[in-house]
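Let us walk through a protein model step by step. Keep the 3D view open as you read.

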Amino acid sequence: MSATRPAPDYELVVGLEVHVQLRTRTKIFCPCPTDFGAPPNANTCPVCLALPGALPVLNAHAVQLAVRTALALECTVHRTSVFARKNYFYPDLPKGYQISQFDQPIATAGRLDIGEAAGGAPRVIGITRAHMEEDAGKSVHDRFPSVTAIDLNRAGTPLVEIVSEPDIRTPAEARAYCGRLKEILEYTGVSDANMEEGSLRVDANVSVRLRGATALGTKTEIKNMNSFSGVERAIAVEFERQCARLEAGEAIVQQTLLWDATRQEVRPARSKEGSHDYRYFPDPDLPPLILDAAFIAHERASLPELPAARRTRMQAQYAVSPYEAGVLTASRALADYFEAVAAALGDGKPAANWIMGEVLAHLNNAGTTMAEFAVPPADLASLLALVRDGTVSNSAAKRIFARMTQGEGAPAAIAEREGLTQVRDDGALVAWVDEVWAAHPDEATRLAAGEKKLLGVLVGAVMKRSGGRADPRRVNQLLAAKLSG
Ligand SMILES: [Zn+2]
């Protein structure tokens, strides 16, 4: 007999550190451009190359975007914050230190609700702090056979690091946090928040403890997660690994782990020498950052409607479900498009159905985004109005829509040109009904004898005869009239 002791009930504890590249035209302390994809080391100058005597000058736009980020996350923005040197040696860090913020960050004590999207109870994750810093360069290992190359284009790119409280309890919550955060970054326009281009980078601090315990367990840090699904999966794998170690009576070793998406496992990173003692001190080249109260108030007042508020409003205004509101607000461009169509049509529900169905399917198939979508909202609204008033059938509307996405013009003109308008003229419809009636004597007799399901068969035959253009509602009425007459 095996032991009957129940397995301990372990609880997952996760905090996330998210590095966000701010959407400035130039770097945080020099005028070099921040374009992604420039030739290696093209976007550099004495400041970001750390040549002797070069002095940093803080980019005001980066400060504005950092403040906007912090306010959108309901943080307290501090009037005074301090830039500090974080000292470590690494080949892609030319100064030998990174300018960051340490004990006086620009913002603290925010919150992010990750529960409302699913229409469930609020689930609030605390934000410990948000601080500004410069990015490091990149070590390029795959460009030359046996050499590591250094590209300093990214060195000095402005970042905000957003550190959460260890409030996250499941891998799915971690993913939801990333998704909600990305939405806010996109809605406020502070970042491209593009994980593939590295403008959004997520590290996870993971520990486990017995459920009910209050002390935190020893944590590991997972890096190198390149997608939100990767974040979710990596945390799930690390949770299992830590539970198994504790079950086996082994201790958790505090270490940095790299997520290997191909092998679906975590492995220890090579340690950065001296990475445990950064010897922070205030940067003597940069004075404390002092923000005017009026500036903070202005930024707060100019925040756009944030996604959570927009979802709530859209549910009330357009009678869409919480799920639909969640899909339609996934990006600001999509939400704007939906609202423009709904306004032009004067009806939210068909606009929601079409955008969640045909429009998203088209974007998905074409591998494109709403920003490049060729159909103006007014044209989609015109098409839906044609469906609503019975001018075109739903299936014809799909064919018209396909042509609209190719830039072939307004829906009414396409319908006319392609002969896709519904025939509601009784003269033509009665003739088709009579022809079908004569061509299907057996079905007609059985229908007349009360076999009601044959009505659909005959309506289908009329539709087929009309090339799909007959108005099915009117065909139904005519067949019913034929039966009773
Ligand atoms: Zn520079």
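The tour below goes from domains to sheets, then to the cores and a few single residues.

Start with the status of what you see: this is a predicted model. The protein chain falls into three parts, with domain 1 covering 10-297, domain 2 covering 305-417 and domain 3 covering 426-484. How far apart are the centres of domain 2 and domain 3? Taken over C-alpha atoms, the separation is 33 Å.

Now find the sheet of 9 strands. This sheet is open, its pairing is mixed, and its order is S2-S6-S7-S10-S1-S11-S12-S13-S14. Its edges are strand S2 (76-77) and strand S14 (265-268), and each of these pairs on one side only.

Take the pairs one at a time. Strand S6 (residues 107-113) meets strand S7 (residues 124-134) in the antiparallel sense, over 6 bridges. Here Ala-107 has Ala-130 in S7 as its bridge partner. Further along, S1 pairs with strand S10 (residues 158-164), again in the antiparallel sense, through 5 bridges. Val-20 finds its bridge partner in S10, at Val-160.

On its other pairing, S1 runs antiparallel to S11, and 11 bridges join the two. Look for Leu-16, which stands opposite Ala-204 in S11. Ala-204 also stands opposite Ile-222 in S12. That second match belongs to the S11 and S12 pair, which is antiparallel with 4 bridges.

Which way do S12 and S13 run, parallel or antiparallel? They run parallel, and 3 bridges join them. One match here is Glu-221, whose bridge partner in S13 is Thr-256. Between these two strands the chain passes through H3, and this β-α-β crossover from S12 to S13 is left-handed.

Follow helix H3 (residues 228-247) itself. H3 lies across strand S1 (10-21), strand S11 (200-210), strand S12 (220-225), strand S13 (256-260) and S14. Its direction makes an angle of about 25 degrees with S11.

Next comes a sheet of 3 strands. This one is open too, with antiparallel pairing and the order S5-S4-S15. Strand S5 (97-101) and strand S15 (281-282) are the edge strands, each pairing on one side only. Strand S4 (residues 83-87) runs antiparallel to S15, and 2 bridges join them. Arg-85 stands opposite Phe-281 in S15.

Now look inside. In soluble globular proteins, nonpolar side chains tend to be buried together. The largest nonpolar core here has 67 residues. Those with the most contacts inside this core are Ala-66, Ala-70, Tyr-177 and Ala-204. A second, separate core has 30 residues, among them Val-320, Ala-325, Leu-334 and Leu-383.

Zoom in on Tyr-177. What does Tyr-177 contact, leaving aside its neighbours within four places in sequence? The list is Leu-16, Leu-112, Ile-114, Ile-125, Ser-164 and Ile-168.

Some residues sit between buried and exposed. Asn-224 is in strand S12. Why does Asn-224 count as partly exposed? Because Asn-224 has 18 C-beta neighbours inside 10 Å, while 20 or more would make a residue buried and 12 or fewer would make it exposed. Not counting residues up to four places away in sequence, Asn-224 touches Leu-258 and Trp-259. Asn-224 and Trp-259 are 35 residues apart in sequence, yet 5.5 Å apart in space, C-alpha to C-alpha.

Compare Ile-296, found in helix H4 (residues 293-301). Ile-296 is partly exposed, with 17 other C-beta atoms within 10 Å. Its contacts are Val-67, Val-77 and Leu-291, once residues up to four places away in sequence are set aside. Met-225 is 71 residues from Ile-296 along the chain, and 34 Å separate their C-alpha atoms.

Finish with two loop residues. Ala-193 lies in the loop between helix H2 (171-187) and S11. Ala-193 is not a glycine, but its phi is positive, at about 50 degrees. Arg-279 lies in the loop between S14 and S15. Its phi is also positive, near 45 degrees, and Arg-279 is a residue other than glycine. Buried or exposed? Ala-193 counts as buried because it has 20 C-beta neighbours inside 10 Å. Arg-279 has 11 C-beta neighbours inside 10 Å, so Arg-279 counts as exposed.

Key. Residues numbered from 1 in each chain as written. Predicted model: local features only at pLDDT ≥ 70, side-chain atom pairs only at ≥ 80, totals over all residues. Domains from an automatic or database assignment. Pairing = 2+ DSSP bridges. Contact = placed C-beta atoms within 7 Å. Axes fitted to C-alpha atoms, helices over the stretch in contact; angles between N-to-C directions. Core = buried A, V, L, I, M, F, W, Y, C linked by C-beta atoms within 7 Å. Right-handed = clockwise from strand over helix to strand, strands pointing away.
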